[in-house]
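Reader: Please take a close look at a single part of this model, starting from one residue and working outward through whatever surrounds it. I would like to know what sits beside what, with the cut-offs stated.

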Amino acid sequence: MKIQGKQLIPVNVPIFVQKVNEHHLIKDEIMGLIKETKQRPGETMSTTDWFEDYNYKRPYWEPLLFTIDKYMRHVADQFNVTHFSYDNYWFQTYTKGDKHCPHVHPGVHYTNVYYLDMPGDYGSRSWDPMDKNKVLDVKIEEGDLLSLPGQLMHDSPEILDNTSKTIIGFNINFQGNANLDTNYRTTTN
Ligand SMILES: [Fe+2]
């Protein structure tokens, strides 16, 4: 790809796929708490709490955070970031014919998807911004935690069979830099 008079230099900004080791211990509890959560049908998905008030305390969030926080720490550590914030979170349930069209997450460092219940092969797809026809080769299964740079186009493919998929999504933003010297070495511990 060329932009006249400019350089376009591809850099490696990682996509993280982490297996949540506690998945089988927490799945049923979190699914139960989602049933207790205020929700309504989405435009292209069966049900979600996306439209509920930002300040509404989703019942599933704190128990989930207890487990996943350490995984998100790995993402921040990759960038020498000392602090990050969880800016919003939501769940989505997809059944046959449901999908989420390609989109980015404006103002978000990393957007994250925990695949809580996904018997089929319906992991998110994301596209290479250097080659817009290229779907990135990312393998996802139930129990995985996907972290994508917020500016990366991604979607949720249409469910074609009689399975359903429930995910929890959340956005994080980096908030604090580690103290590094000019050689990129940490100066404090
Ligand atoms: Fe998304």
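Author: T37 has 18 C-beta neighbours inside 10 Å and so counts as partly exposed (buried means 20 or more other C-beta atoms within 10 Å, exposed 12 or fewer, partly exposed in between, with C-beta atoms placed from the backbone). This is a predicted model, in which local features need pLDDT of at least 70 and side-chain atom pairs 80 or more, while totals for chains, interfaces and linings use all residues. Residues are numbered from 1 along each chain as its sequence is written.

T37 belongs to the loop that runs between α1 and β2 (helices are DSSP runs of H or I, at least four residues, and strands runs of E, at least two, numbered from the N terminus). Setting aside residues up to four places away in sequence, T37 touches D49, R58, P59, Y60 and F91 (contact means C-beta atoms, placed from the backbone, within 7 Å). G107 is 70 residues from T37 in sequence, and their C-alpha atoms are 26 Å apart in space.

Two of the residues that T37 touches, Y60 and F91, also appear around I168. Outside the four places on either side in sequence, I168 touches Y60, L64, Y89, F91, Y114 and L116. I168 is also a member of the largest nonpolar core, which has 27 residues (such a core is a set of buried Ala, Val, Leu, Ile, Met, Phe, Trp, Tyr and Cys residues joined through C-beta atoms within 7 Å). Within that core, Y114, I167 and I168 touch the most other members. At least two residues of this core come from each of α1, α2, β3, β5, β8 and β10. The biggest contribution to this core is that of β5, with five residues. In soluble globular proteins, nonpolar side chains tend to be buried together.

The strand β2, at the far end of the loop that holds T37, is part of an open sheet. Six strands make up this sheet in the order β1-β8-β5-β10-β3-β2, and their pairing is antiparallel (strands pair if DSSP finds at least two bridges between them). The edges are taken by β1 and β2 (47-48), each with a single partner strand, so one side of each has no neighbour in the sheet. Further in, β5 and β10 are paired in the antiparallel sense over seven bridges, and V113 stands opposite G169 in β10.

At the other end of the same loop is α1. This helix packs on the sheet, where α1 touches β3, β5 and β10, and its direction makes about 100° with that of β5 (axes are lines fitted to C-alpha atoms, for helices over the stretch in contact, with angles from 0 to 180 degrees between N-to-C directions). The helix α2 lies across β1, β3, β5, β8 and β10 and runs at about 130° to β3. Its buried residues include L64, I68, M72 and V75. Among the elements covering the buried residues of α2 are β1 (16-19), α1 (23-35), β3 (81-94), β5 (110-117), β8 (144-149) and β10 (165-177). Just after α2, N80 has a positive phi of about 55°.

A second residue, N171, gives another view of this sheet. N171 lies in strand β10 and is partly exposed, with 18 other C-beta atoms within 10 Å. Neighbours within four places in sequence aside, N171 is in contact with D87, N88, H105, V108, T111 and G150. Q7 is 164 residues from N171 along the chain, with 30 Å separating their C-alpha atoms.

There is also an open sheet of four strands, in the order β4-β9-β6-β7 and with antiparallel pairing. Its edges are β4 (100-103) and β7, each with a single partner strand, so one side of each is left without a neighbour in the sheet. From one strand to the next, the twist averages 20°. Strand β6 (residues 125-128) pairs with strand β9 (residues 154-156) over two bridges in the antiparallel sense, with S126 opposite H154 in β9. β6 also pairs with strand β7 (residues 131-135), again antiparallel and over two bridges. In that pairing D128 stands opposite D131 in β7, and a hairpin of two residues joins β6 to β7.
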